[in-house]
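Please open the structure in a viewer and keep the sequence at hand. The tour below proceeds by selection, one stop after another.

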Amino acid sequence: PQRIYYLSLEFYMGRTLQNTMVNLGLQNACDEAIYQLGLDLEELEEIEEDAGLGNGGLGRLAACFLDSMATLGLAAYGYGIRYEFGIFNQKIVDGWQVEEADDWLRYGNPWEKARPEYMLPVQFYGRVDHTPEGVKWIDTQVVLAMPYDTPVPGYKNNTVNTMRLWSAKAPNDFNLQEFNVGDYIEAVLDRNLAENISRVLYPNDNFFEGKELRLKQEYFVVAATLQDIIRRFKSSKFGCRDPVRTCFETFPDKVAIQLNDTHPALSIPELMRILVDVEKVDWDKAWEITKRTCAYTNHTVLPEALERWPVSMFEKLLPRHLEIIYALNQMHLDRVAALYPGDIDRLRRMSVIEEGDCKRINMAHLCVIGSHAVNGVARIHSDIVKNSVFKDFYELEPEKFQNKTNGITPRRWLLLCNPGLADVIAEKIGEGFITDLSQLKKLLDFINNETFIRDVAKVKQENKLKFAAYLEEQYKVKINPSSMFDVQVKRIHEYKRQLLNCLHAITLYNRIRSNPSKSFVPRTIMIGGKAAPGYHMAKMIIKLITSIGEVINNDPYVGDRLKVIFLENYRVSLAEKVIPAADLSQQISTAGTEASGTGNMKFMVNGALTIGTMDGANVEMAEEAGEENLFIFGMRVEDVEALDRQGYNAQEYYERLPELRQAIDQISSGFFSPRDPGCFRDVVNMLMYHDRFKVFADYEAYIKCQGQVDQLFMDPREWTKKVIRNIACSGKFSSDRTIMEYAQEIWGVEPSATKIPPPNLPRD
């Protein structure tokens, strides 16, 4: 069969124990066995460390995709880096984020198996020699890539795929070559330099930091993986008569490489280098093979997130790849020039090389020219990709561009994290939904069924009580379990607009203060997420949230009508606890900035209602469930563009909206930071004078929409009916559907639902 290679610098796997039991159909058996030993399985599960080898959405998507590819019986491999330190652990000290190294391997990792027999060399630096026999890359520094394999079980289908993560190892002669005679000790200590490549995950989400170590990581995973892919291609002969396969004609029919964002973009020049320099394939033939093999998924349109590497860095680290990129770019520009004679500006816009004081390589452009398919991750995002980010490329090759709306695995995000809800659903419609989530549509028949309404509400209440108990036990926070659990959990970023949420919390607080006898719908506002360590504004936003909480939670006038909680160290295992307990899911990015979002889908399938903008997959969620069954507010993409043309003036909203003005004045006067009144001047200054994400422009609509949320929450029966409608319409957002589309429309393979026989039965 064709093999699928999913290349990603991040795999945000979380814990593995319970997921393995669920997919093997062993959970009840293990539960019972452990119980008979006098132990509690849940307590055991809490001991496992998260595999936090990702920042957020992109890394977690890769993990969901692995689960779906195995469940659909695809011959798929995940390839990435075995970081010694994953995403940092977040501590909150005096309201500020403090980072702590995530030493997740401290007690070993029982799920991985080292494979030293498949260790491979990776080359860096050196120089290029053009000889009559061809091009040679010589005088390089070698680092070894040691593979560690983690099994990826499909759901009850006896398929087990592999995630192979590479770890960097210094060769034994590292720095002990002839020129370095005397200093043996120094040389051995220098082995760390090579091994630093797989030491730590870069903790930036949606932000590009052009560090040499990061470029080394990107080439390291690509070079090791491509050697592995080609070794496997050559050894599996499939009716090929050569003792070893040397003809690469059939390569794209046997191999599909999916690039998760531009991070593994070096696959394109690296595959060219191997085909042309090593395997002596003709250049044009090699280019055709490369393009037919690779496909690229774009994950963001934010300019600060696009990878643009300095040419000077490439020259030093990967001199041959730079030559290849120049040649590919020349070929590409010649084609553009022939089609658009005299259009110099188009050539400049479409070049892989950006001219300027510092020449840079635009990795996204490299991916587009080197792939046969380019996809966005939600319909609105794919449209933006076609109509703005890669507009010129879309005009050139419209057939290349596709949409593949993201999804989440229903095994982890329903069965595993919300067994109560899964049981109530299965009772009504059977268990088929677990591998075919579209079957949730059958729940529409039960929208007015009183026992079902009661059961769904009961499960939610139990989840809330359990999460409240967890918060009290872990963080000594007491919350009112009958209050609305209003949750925004995701990486802290200006475009995700946690600040808009803060302004609502302050507005609610001011309303309670100025009218203490009025009855209010009680709320517990929970905000969680990590800020990149170097992202000053994101860290200020965390401090603002904790400071607002400090004031509100200790105000006797408020009582338990309003609480603001910052959820410390948000990660996969915490998401599995908080999402099933949420009533309201906040998805409030400025329209046109969140490529898709996947947290939005997890909340929907777990019975929370969504308040959100028409951004990312929210658009398709509203389409599936009916816009009236979500709380949609604020500017659409067109409105944002119109406001940009007109010029966004925050001052105007500040002057026109008294509640907004009061909230901003409180933040800036030090009402929430009495010991340091100027604490939030940077935040206020940003909001007033250079807010790219137009928080104030959506404030009024947001507050009004939150009022509608309150109204509905006061009618629990109508609220729960809306919840059921949302769950019933969430089927599209399974990663099984997403992977089915990738398989059929990009990789050219057919998923199989057939269960292979277990290993203890003889095969036919």
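Does K280 count as buried, partly exposed or exposed? The model under inspection is a predicted one, and in it K280 has a relative accessibility of 48%. Because buried means under 20% and exposed over 50%, K280 counts as partly exposed.

**First stop: K280**

Select K280 in the loop that runs between α9 (267-278) and α10 (283-293). Next, display its surroundings: apart from neighbours within four places in sequence, K280 is in contact with E133, G134 and L275. The backbone oxygen of E133 is reached by the side chain of K280 at 3.2 Å. G134 lies 146 residues away from K280 along the chain, yet their C-alpha atoms are separated by 8.3 Å.

**Second stop: aromatic rings**

Now show the side chains of Phe, Tyr and Trp; the structure holds 25 aromatic pairs. One of them is formed by Y5 and Y79, with ring centres 5.9 Å apart and planes at 45°, so this pair is tilted. Y5 belongs to strand β1 (residues 3-7) and Y79 to strand β4 (residues 76-81), so that the pair links parts of the chain 74 residues apart. Both Y5 and Y79 are buried.

For another pair, select F671 and F672, whose arrangement is edge-to-face, at 5.0 Å centre to centre and with 85° between the planes. F671 is partly exposed, with a relative accessible area of 34%, whereas F672 is buried at 4%.

Return to Y5 and add Y77, Y79 and W166, which ring pairs link into a cluster. Then add R232: its charged end sits over the ring of Y77, 4.2 Å from the centre. A further charge over a ring can be viewed at K518, which lies over the face of F520 at 4.7 Å from the ring centre.

**Third stop: an open sheet**

Select the 6 strands that form an open sheet with parallel pairing, in the order β22-β21-β20-β23-β24-β25. Which strands stand at the edges? They are β22 (562-567) and β25 (631-632); each has a single partner strand, so one side of each is left without a neighbour in the sheet.

Within the sheet, highlight β23 (residues 584-587) and β24 (residues 609-612), parallel strands joined by 4 bridges. S585 stands opposite T610 in β24.

Finally, add helix α19 (residues 450-475), which lies across β20 (484-489), β21 (523-528) and β22. The helix α19 runs at about 65° to β20.

Methods
Residues are numbered from 1 along each chain as its sequence is written. This is a predicted model: local features need pLDDT of at least 70, side-chain atom pairs count only at pLDDT 80 or more; totals for chains, interfaces and linings use all residues. Side-chain values use heavy atoms; hydrogens and water are left out. Two strands pair if DSSP finds at least two bridges between them. Helices (H or I, at least four residues) and strands (E, at least two) are DSSP runs, numbered from the N terminus. Contact means heavy atoms within 4.5 Å. Axes are lines fitted to C-alpha atoms, for helices over the stretch in contact, and angles run from 0 to 180 degrees between N-to-C directions. Buried means under 20% relative accessible area, exposed over 50%, partly exposed in between (1.4 Å probe, protein chains only). A polar contact is a pair of N or O atoms within 3.5 Å; within protein, one must be able to donate a hydrogen and the other to accept it, and residues adjacent in sequence count only if both atoms are side-chain atoms. Rings of Phe, Tyr and Trp (its six-membered ring) pair if their centres lie within 6.5 Å; planes under 30 degrees apart count as stacked, over 60 as edge-to-face and the rest as tilted. A charge sits over a ring if NZ of Lys or CZ of Arg is within 6 Å of the ring centre and within 35 degrees of the ring normal.
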